[in-house]
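Thank you for letting me take a few minutes of the meeting. I would like to walk through one model slowly, beginning where its chains meet, and then moving outwards to other parts.

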2 protein chains.
Amino acid sequence: MARRPASKGADELAFVALGGIGEIGMNLYLYGFGPPQDRRWLMVDLGITFPGVDEPGVDVIMPDTRFIEENRADLVGIVLTHAHEDHFGAVVDLWPRLKAPIFATPFTAALLRAKLEERPGLKLPITEVPLGSRFAAGPFDVELVTVAHSIPEPNALAIRTPLGLVVHTGDWKLDPDPLIGQPTDEARLAALGEEGVDALVCDSTNAMREGISPSEAEVARSLAGIIERAEQRVIVTTFASNVARIRSIAEAARSAGRDIVIAGRALHRVIAVGQETGYLPANLKFHDQDAYGYLDRRHVLAICTGSQGEPRAAMARIAEDSHPSVSVAAGDTVIFSSRTIPGNEKAVGRVQNGLAGLGARVVTDAEGLVHVTGHPRRGELKRIYELTRPRALIPMHGEIRHLEEQGRFARAQGVGHVVAARNGTLVRILPGPAAIVDDVPVGRIHRDGNILIDAEDGPARQRRRLSFAGIVVVSLVVERDGRLAADPEVVTDGLPGVNADGVEIETLILDAVEDAIESIPRARRKDHSVVREAAQRAARSAVNEAWGKKPICKVMVTVV
Amino acid sequence: MARRPASKGADELAFVALGGIGEIGMNLYLYGFGPPQDRRWLMVDLGITFPGVDEPGVDVIMPDTRFIEENRADLVGIVLTHAHEDHFGAVVDLWPRLKAPIFATPFTAALLRAKLEERPGLKLPITEVPLGSRFAAGPFDVELVTVAHSIPEPNALAIRTPLGLVVHTGDWKLDPDPLIGQPTDEARLAALGEEGVDALVCDSTNAMREGISPSEAEVARSLAGIIERAEQRVIVTTFASNVARIRSIAEAARSAGRDIVIAGRALHRVIAVGQETGYLPANLKFHDQDAYGYLDRRHVLAICTGSQGEPRAAMARIAEDSHPSVSVAAGDTVIFSSRTIPGNEKAVGRVQNGLAGLGARVVTDAEGLVHVTGHPRRGELKRIYELTRPRALIPMHGEIRHLEEQGRFARAQGVGHVVAARNGTLVRILPGPAAIVDDVPVGRIHRDGNILIDAEDGPARQRRRLSFAGIVVVSLVVERDGRLAADPEVVTDGLPGVNADGVEIETLILDAVEDAIESIPRARRKDHSVVREAAQRAARSAVNEAWGKKPICKVMVTVV
C-alpha cells in the first residue's frame, strides 16, 4: 500500500473504518482532524454483528477498538446515526473503554437508555441533539441531515472542518413517504453540493440492485390488503426497530377490526420507546400475549419477534407449537414482514416449514410486497451523486462486492474519484485528492459468555475444531521412574462410541496408549514428556485408524 | 393418524417416502404391491443430503433404510430417475445393506460406475435401461417417461400394477429446448392421462413460484452474450452435472475465440462420462488447468467447480488467490452459472467477495440470466395436472411449505384429492381413495469419518454442544480411602484462558475441585462416585461463575 505521509505539522482530514467496510454490520467509522502526529478523532457509530458458523457459541461480535483506545484522549465524541444494532449495539459494551461524549437524537437516545436498564451501574454521557441540528465536537462541526431508513430518526452527517466538508450518509434510502419522519432532505443535500462536498462516504448495501426501492407507504397498503383478506388469525413478524412498520400493521389491524397482541420482549421495548418519543400513538391499544387465546380468531392479529428464525424468539416457538400463548392452525396467515439476513436462511426456513406444517399460509417478501429495503438502490445512488456532486466517493457499509460495485457504478455516473477504502485503511481526504496513506490495527472482539475477547485469541476457534472431530483426553498416573502406577483412563466427546466393526473406540485408544508406553525404553520413561507425547501420538493414531478423523488429543500426567 | 387396514389378503398399492418429503434432498421413495402382510417393494431413488450447522463434522446424510432392510427379500429393484446426488448419492454407501438390482439409464449408470472407482471391491448389479423403455421389476411394470431437468437423462416413471397406474415425476420441468435430450414428453403424459392416472407423485420445489421457468436455451444465449462482451479472462462455475450448461459454455467460448480450461475433479469426471455417452462432442477440446497461465487473457475461459463456496473447490481457492493455476485480476469476469443452495449463502458470499476484492466483475443469477431452475413452477404444475388428470396428488420433493403450497395450488386447479404424505407415512393409493393408513420408521444416517451411524446416536450432537461451550476434563488420583494421592489435574478446550479479571480459569477450577473434595466427610469419600460428582459440580459451577457458560464437564478418577 502506498504511504504518503503529509508534511509534518500541516492539518489533514483523515478517515478510517474499524468496521463496516467489507462486511455487513459492526459499523465504526472515525474522522480525524489535525496534523498526522496530533489528530483529534470523531467516531461515527459503534455497532455489532452476529456470529456465523465459524464463531459457534459467540454471543455478539464487535469491532476491535484498540486503535482509538490508544488515542482515547483525542476522541472528541461518538455520534450515533441511528439505533440499529449494527450501528449502536456495541456502545454498552465498549463505551467503558472509550469514555467519550455520545451524541444521539431523541429516539436513539431513548433506546440506548432502555438498554442500560440491563447494565446497572453503567451511566453514559448522552447529549440529545435534535433532528437537523448542528453541533460542535472538538474541531468537527457536525450537522444532522435527515434521511429515510427503516427506523425512526436516521441521519446522514455533514462533517465540516476548516479544510472542507464530508457527507457521511449513514444508512439511507429515498422514500417519498416513509410514514414516520420526513423524507430524505434532498434540498439540504443539494445545498451541501452547492457548498462543495469534498467526499461522500456512502452506503453500498444495494449497489447491485437496479431502480428505486418501493416506499414504506406502498408496503403498508399491501400489508393492509393481505390482513383485510385474511379469514382466520393473522400473525405478523417484523424487525422490532421498524416502528413505521409496526404502526402500519397496527393501523391495518384496526381497519380490519382486529385486536392487536404483542409477543416478544424487543417489541414491547420498542413500542414503549415509540410511544415515549411520539412515533406511536399514546392510545395505541394492544394486549399482552395471554389475550391471544380468548380473542375471536377473525378479530385478532399478533405481532411477534423472531423474523430471523432465532430459536428462542416467539415465531420459532409458535412454529414448533410450544409458545405459551400464541398458536396457529389451518387457515391462519403468517406474514414475514422482513427479509432474511444472509446466514439465517436455514433457521428461517425451519420456522416457515413448521408454520406450514401446522396449516398456516406463510407470506414472505417472495409472495407479496410485505417488506422493503432501507438502503439505496442504483437509482437512489445516482440521485445522491447528482445532489452532492462529491469530489471523491468512499463506498462504505457493505461486503467487498457491494463496495466494488458502487465504485464501478459511481465512476459510470461521472464521480471522478473513488477511494477503495477497507477496514483499517487510513484515508487522507484533505488536502486532496483523497488517498489511502496508512493503515491502523483492526480486528474483532467476541462477547463470549461474560468475557470480551479478541477473536484471534478467543476460544471460538477451538470450539470450531471441536465441532469437526471432538476430543480425546487421556489420563496417565505414573511413578517418578515413569512406570504406570495405574491403568490409563480416557474420556472422549464428539466421537462415535464404536468403530465400523463394533469395537469400542475408547478400548482401542487405551490399548494403543499402553502399548506405546510399554515400548518406551525404561531409561527414557523418566522423562515424563516422552511418555506424554508417546501417549498422545498413540491415541490420535488409534482414533484415526478407527474413525478416519483426527480429534483434539490431550494427555494429563499425574506423578504419584 | 387414521389407520384403516384393508381386509386381509387383498392386494394394495402402497407408497412411502423414507426421505425427500418435507426436506430438500435425500430422496428415497418406495412403492409396495400386494396384501399388507406380504408386499413387494420397488425403490425409486436413493439420495443424500448435506449437513448443516446442526451436524458439524458430518460428511453426508442419508436416509435411514431400516424399514426396507427388514423387508429386503421383498425389494425387487432400485430405479434411479437421474444422477443428481440427492437422488443417487447414497447408492454406493447403502446398496450393501439392500443388495437389490439397480435400474438406470446409460448416463446415470455411467456416473454410478465412475463413483465405484473410489470403492474398490464393490460391484453393483446395474441394469441399463433405455430412455422411454418399459421393464418389469417384480409385480411392477415400469415405464420411463422422458422429462426435462438440469442433467442428462432425467425420467418420470409410469408405474403400473394390476390395480392401476401411478405417475412419479422425479425432478422435472417443461423446457421446449433443453439442449440435451428431448423436451418433457407431453404426448406420453397425455396418453397416460387417457389411460387413467390413479395418483401423481409430483415435485414441489418451485410450487411457490408463478409462471414458467426460462429454457436452458435462453440461458445459453444470455451466457454467450456475456462471454462475447468480456474483455479479459472469463471464469464460469456451474454444477458439474449440468452437461447441457457445460456444452453451452464451451460453445460460447468457441464463438468468442476462447480456449477452455477445466479446473476441478468433478468436472473432469462428468466431461469424461458426457463424452462417453455422446452428450458432449468427442472432439471437445479443453486444456487442463496448468494451461491457464500461458493462454492469452482475451482468449481463455475457465470452467471451475465450487459454485456453492465449497472451501476446497477451485472457486474458493481462486478467490483467496491460492489456486495453483487459475487466478483473477482487475477486468476479469466471473460467472456463477448456478443458484446458491440454502445454507451455503455465507460461503458463496465469501468467495464472491474474495473475487470482487481481486478486481473481478462477478455475475450471478441476480445480475443476468446465467442460470435456470430444473423444477416446475406453477404454470408447469398446472400443465402436468391438465395432461395427466390424476385422481390423487401426492406432493413430494420439497420442504413442508413447498408441499403444502403445491397441495393448495392443485386443489385450486381442480385436482380433487391431495394426500399430505410425509416421510414415513404409508399411503394406500389403491384401492382408492388414497389415504394415509400407517407409518414406518424413518430417520437419518450420518457418514461421519468412515462410520455410518444413526443421526440420533451419532456424535454430531455432542460436537454441536462442544461448539457452544467447550469441555472441561478433571483427573483425580485417589487412594482407596478417597484421599487425594496427588493434586487434581485439569484440561479445558473451547474455554477462554482467563476470566474477566484476568484470573486463569483452570486455576479457578482446580481450587474449586480441591475445596469441594476437602469438604466431603472422610467416611463418605470412600465412595468414589461421591468424589467424582462433587468434583464435577464444583468444576461446572466454577466455570459458570467465571465465564457465564456451562461447558461439558467430565471427571476421571484413578485409584492407586
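Between chain B and chain A the count is six salt bridges, and please keep in mind throughout that what we are looking at is a predicted model. One of these links pairs A:Asp54 with B:Arg350, whose closest N and O atoms are 3.1 Å apart.

How much area do chain B and chain A bury between them? The size of an interface is often given as the accessible area lost when the parts come together. Here that comes to about 5,200 Å², and 59% of it lies on carbon and sulfur atoms. On the chain B side, the residues that lose the most area to chain A are B:Asn353, B:Asp493 and B:Met556, which together account for 11% of what that side buries. If we count residues instead of area, 69 residues of chain B are in contact with 69 residues of chain A.

Let me pick out one residue, B:Leu466, which is found in helix 13 of chain B, the helix that covers residues 460-469. Is B:Leu466 buried or exposed? Its relative accessibility is 0%, and because buried means under 20%, B:Leu466 counts as buried. Leaving aside neighbours within four places in sequence, B:Leu466 is in contact with several residues of the other chain, including A:Arg463, A:Leu466 and A:Asp493, and also with B:Ile471 and B:Ile552 in its own chain. The last of these, B:Ile552, is 86 residues away from B:Leu466 along the chain, yet their C-alpha atoms are separated by 7.0 Å.

Now for chain A taken by itself. It has 16 helices and 26 strands, and its C-alpha atoms fill a box of roughly 85 × 75 × 50 Å along the principal axes. Of its 560 residues, 60% count as buried, while the accessible surface of the chain comes to about 21,500 Å², with 47% of that belonging to carbon and sulfur atoms. Among contacts between residues at least 6 apart in sequence, 70% join residues at least 24 apart. Chain A carries 65 positive and 74 negative side chains, and the centres of those two sets lie 2 Å apart.

That brings me back to salt bridges, of which a search of the whole structure finds 78 over all chains. In chain A, A:Arg483 forms one with A:Asp481, with 3.0 Å between the closest N and O atoms; A:Arg483 is partly exposed at a relative accessible area of 41%, and A:Asp481 is partly exposed too, at 30%.

In chain B, B:Lys115 and B:Glu85 form a salt bridge whose closest N and O atoms are 3.0 Å apart. This pair links distant parts of the chain, since B:Lys115 sits in helix 4 and B:Glu85 in helix 2, 30 residues apart. B:Lys115 counts as buried, at 13% relative accessibility, whereas B:Glu85, at 29%, counts as partly exposed.

My last pair is B:Glu118 and B:Arg265, whose side chains meet in a salt bridge of 3.4 Å, N to O. B:Glu118 lies in the loop between helix 4 and strand 7, and B:Arg265 in helix 8, so the pair ties together parts of chain B that are 147 residues apart in sequence. With a relative accessible area of 47%, B:Glu118 is partly exposed, while B:Arg265, at 67%, counts as exposed.

Terms used
Residues are numbered from 1 along each chain as its sequence is written. Chains are lettered from A and ligands numbered from 1 in the order in which they are written. This is a predicted model: local features need pLDDT of at least 70, side-chain atom pairs count only at pLDDT 80 or more; totals for chains, interfaces and linings use all residues. Side-chain values use heavy atoms; hydrogens and water are left out. Helices (H or I, at least four residues) and strands (E, at least two) are DSSP runs, numbered from the N terminus. Buried means under 20% relative accessible area, exposed over 50%, partly exposed in between (1.4 Å probe, protein chains only). Contact means heavy atoms within 4.5 Å. Accessible areas come from the Shrake-Rupley method with a 1.4 Å probe; for residues, only the protein chains shown count as cover. Lys and Arg count as positive and Asp and Glu as negative; His and the chain ends are not counted. The place of a charge is taken as NZ of Lys, CZ of Arg, CG of Asp or CD of Glu. Buried area is the accessible area (1.4 Å probe) that two parts lose on being put together, summed over both. A salt bridge is a side-chain nitrogen of Lys or Arg within 4 Å of a carboxyl oxygen of Asp or Glu.
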